[in-house]
Amino acid sequence: MVAQIQRRREAASRCEPLHCGHRDPLDCGPDCNGDEPPPPVVLAEHVEHIPAEDAVQLWAEARQLYFAADFPKYATKEWRQLHPDDPRRLAGALDAAENWRKYGDEEALLQWFRDANASREPLWARRTLAELDALAKHRRPHDVIATPGWPPIKVPGTETWRHNLDGRQVDLDHNIPRPVRHLEAA
């Protein structure tokens, strides 16, 4: 039974959706009208019609305010208090969109400017050339010590391997550990 349902779901996912949006008729509820097309949505009932000349005038006034920089910053309290048809509101949105197009995230850009202009440590308080040269000098390499129970270690700069034989450090020309008699190691 479960396998049948899974096959039906897989087959339904490959079908074109019904007008109600479901792909499987079993998913349709009592409020779905199945394969009948939905009634057309009339936007004129929900949206007030704006004459074309008013939209052109709104755009022209917004451009004028944008170039005069006489508008509140986008999403500020003053901007939100403006009426939706106020040209200053559109000018603020235009300014924000143009800044986003040019500079991306405004806050990240401002933070970059703050970081770039942050005060730095004065030259006299920084390290001197002698201190920097001393830090750059090579240090003596650490001693290579073979550990009991671990394989031998190659000694850097040589062709020898350091072995730990009976608790003693022995350098040999191979890395194959072998039992060594006390007389050989000495």
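Is W112 buried or exposed, going by its relative accessibility? With a relative accessibility of 54%, W112 counts as exposed, because the cut-off for that word is over 50%. I would like to start from this residue and then walk through the rest of the chain, and I should say at once that we are looking at a predicted model.

Let me stay with W112 and the residues around it for a moment. W112 belongs, together with L110 and F113, to a nonpolar patch on the surface, and these residues have about 310 Å² of accessible area together. F113 is found in helix 5, which covers residues 106-116. At 39% relative accessibility F113 counts as partly exposed, since this value lies between the 20% limit for buried and the 50% limit for exposed. The structure holds two aromatic pairs. In the pair formed by W112 and F113, the ring centres are 5.3 Å apart and the planes stand at 65°, so the pair is edge-to-face. If you wonder why that angle earns the name, it is because planes over 60 degrees apart count as edge-to-face.

Now let us step back and look at the whole chain. The protein chain has seven helices and three strands, and when you read along the sequence the pattern is α-α-α-α-α-α-β-β-β-α. Of its 186 residues, 13% count as buried. The accessible surface of the protein chain comes to about 16,000 Å², and 57% of that surface belongs to carbon and sulfur atoms. If we take the contacts between residues at least 6 apart in sequence, 17% of them join residues at least 24 apart.

From here I will move to the loops, beginning with the one between helix 2 (52-68) and helix 3, where A69 has its place. For most residues other than glycine, phi is negative. Phi of A69, however, is near 60°, a positive value in a residue that is not glycine. With a relative accessible area of 58%, A69 is exposed. A75 lies in the loop between helix 2 and helix 3 as well, and it has a positive phi of about 70° although it is not a glycine. A75 counts as partly exposed, at 37% relative accessibility.

The next loop runs between helix 3 (77-81) and helix 4 (87-103), and D85 is found there. D85 is partly exposed, with a relative accessible area of 49%, a value that falls in that class because exposed means over 50%. What separation do the C-alpha atoms of D85 and D54 have? They are separated by 9.9 Å, while the two residues are 31 residues apart along the chain.

A further loop, between helix 6 (129-136) and strand 1 (153-154), is the place of T147, which is partly exposed with a relative accessible area of 38%. T147 and N164 are 17 residues apart in sequence, and from C-alpha to C-alpha they are 6.2 Å apart in space.

Let me turn to the charged side chains. How many salt bridges does the count come to? The count comes to four salt bridges, and I will describe some of them. D86 forms one with R88, and the closest N and O atoms there are 2.9 Å apart. D86 counts as buried at 16% relative accessibility, whereas R88 is partly exposed, with a relative accessible area of 34%. Another joins the side chains of R162 and D171, at 2.7 Å from N to O. In that bridge R162 counts as buried, at 18% relative accessibility, and D171 counts as partly exposed, at 38%. K154 forms a salt bridge with E159, where the closest N and O atoms are 4.0 Å apart; this distance is worth setting beside the cut-off, which is within 4 Å. K154 is partly exposed, with a relative accessible area of 35%, and E159 is exposed, with 66%.

A charge can also be placed over a ring, and here the example is R89, whose charged end sits over the ring of W79, 4.1 Å from the ring centre.

To close, I would ask you to return to W112 in the predicted model and to find its edge-to-face partner F113, and then to look for L110, which completes the nonpolar patch on the surface.

Notes:
Residues are numbered from 1 along each chain as its sequence is written. This is a predicted model: local features need pLDDT of at least 70, side-chain atom pairs count only at pLDDT 80 or more; totals for chains, interfaces and linings use all residues. Side-chain values use heavy atoms; hydrogens and water are left out. Patches are made of residues with over 30% relative accessible area and no salt bridge: like charges are joined within 9 Å, nonpolar side chains (Val, Leu, Ile, Met, Phe, Trp, Tyr) within 5 Å. Accessible areas come from the Shrake-Rupley method with a 1.4 Å probe; for residues, only the protein chains shown count as cover. Helices (H or I, at least four residues) and strands (E, at least two) are DSSP runs, numbered from the N terminus. Buried means under 20% relative accessible area, exposed over 50%, partly exposed in between (1.4 Å probe, protein chains only). Rings of Phe, Tyr and Trp (its six-membered ring) pair if their centres lie within 6.5 Å; planes under 30 degrees apart count as stacked, over 60 as edge-to-face and the rest as tilted. A charge sits over a ring if NZ of Lys or CZ of Arg is within 6 Å of the ring centre and within 35 degrees of the ring normal. Contact means heavy atoms within 4.5 Å.
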